Each structure stands twice: as C-alpha cells, then as structure tokens.
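Work through the following exercises with the sequence and the coordinates side by side, and attempt each task before reading its solution.

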Amino acid sequence: MSDHVYKKAEIVGSSRTSIEDAIEGALARANTTLKNLDWFEVTETRGHIVDGKVGHYQVTLKVGFRLD
C-alpha cells in the first residue's frame, strides 16, 4: 500500500430545495475542476429566510483530494 498526500479545499454550495441538493451540487461542481476527490465534511449549515420560510439552504464543505 502506498502513502498518499492530500490537500483540503473549502467550498460552499446552495440549493432552494434541500441541504442534500446543496451538497450534491457543490461536489458535482468541484469535481469538474479538482482531480482525485476522495472525501468531504460538512463544516457549516445555514440558510436564508424569505417571508418566514426557507429561501435557500447553504452548506460549507471541506473536500479532500489526493495530490498526484
């Protein structure tokens, strides 16, 4: 088994539908520019209120990717 070195990047995703959609959208977008994505952690969850209801969800993620 070989050793790996990882780098972490912080990204923020948002969705009007759900927290899960915010996560999925952020990861899908990160996957278009970062190689070797291996893991993520949600570090913050928040939202925007419009007329007393959820306007959109926002999540901050740390994504880990393996360096070549």
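**Exercise 1.** Determine in which order the strands of the open sheet are arranged, and which strands stand at its edges.

*Solution.* Begin with the strands, which are DSSP runs of E with at least two residues, numbered from the N terminus, as helices are runs of H or I with at least four. Next, apply the pairing criterion, under which two strands pair if DSSP finds at least two bridges between them. Ten bridges join S1 to S3 in the antiparallel sense, with Gly-13 facing Val-59 of S3 as one bridge pair, and S2 pairs with S3, also antiparallel, over twelve bridges. The open sheet of three strands therefore has the order S1-S3-S2, and S1 (6-15) and S2 stand at the edges because each has a single partner strand.

The model is predicted, so local features need pLDDT of at least 70 and side-chain atom pairs count only at pLDDT 80 or more, whereas totals for chains, interfaces and linings use all residues. Residues are numbered from 1 along each chain as its sequence is written, and side-chain values use heavy atoms, without hydrogens and water.

**Exercise 2.** Find where Asn-36 and Asp-51 lie, and decide whether each is buried or exposed, or in between.

*Solution.* Asn-36 is in the loop between helix H1 (19-33) and strand S2 (37-50), and its phi is near 60 degrees. Asp-51 belongs to the hairpin of S2 and S3, which has two residues between the strands, and has a positive phi of about 55 degrees. For accessibility, buried means under 20% relative accessible area, exposed over 50%, and partly exposed in between (1.4 Å probe, protein chains only). Asn-36, at 26%, is partly exposed, whereas Asp-51, at 77%, is exposed.
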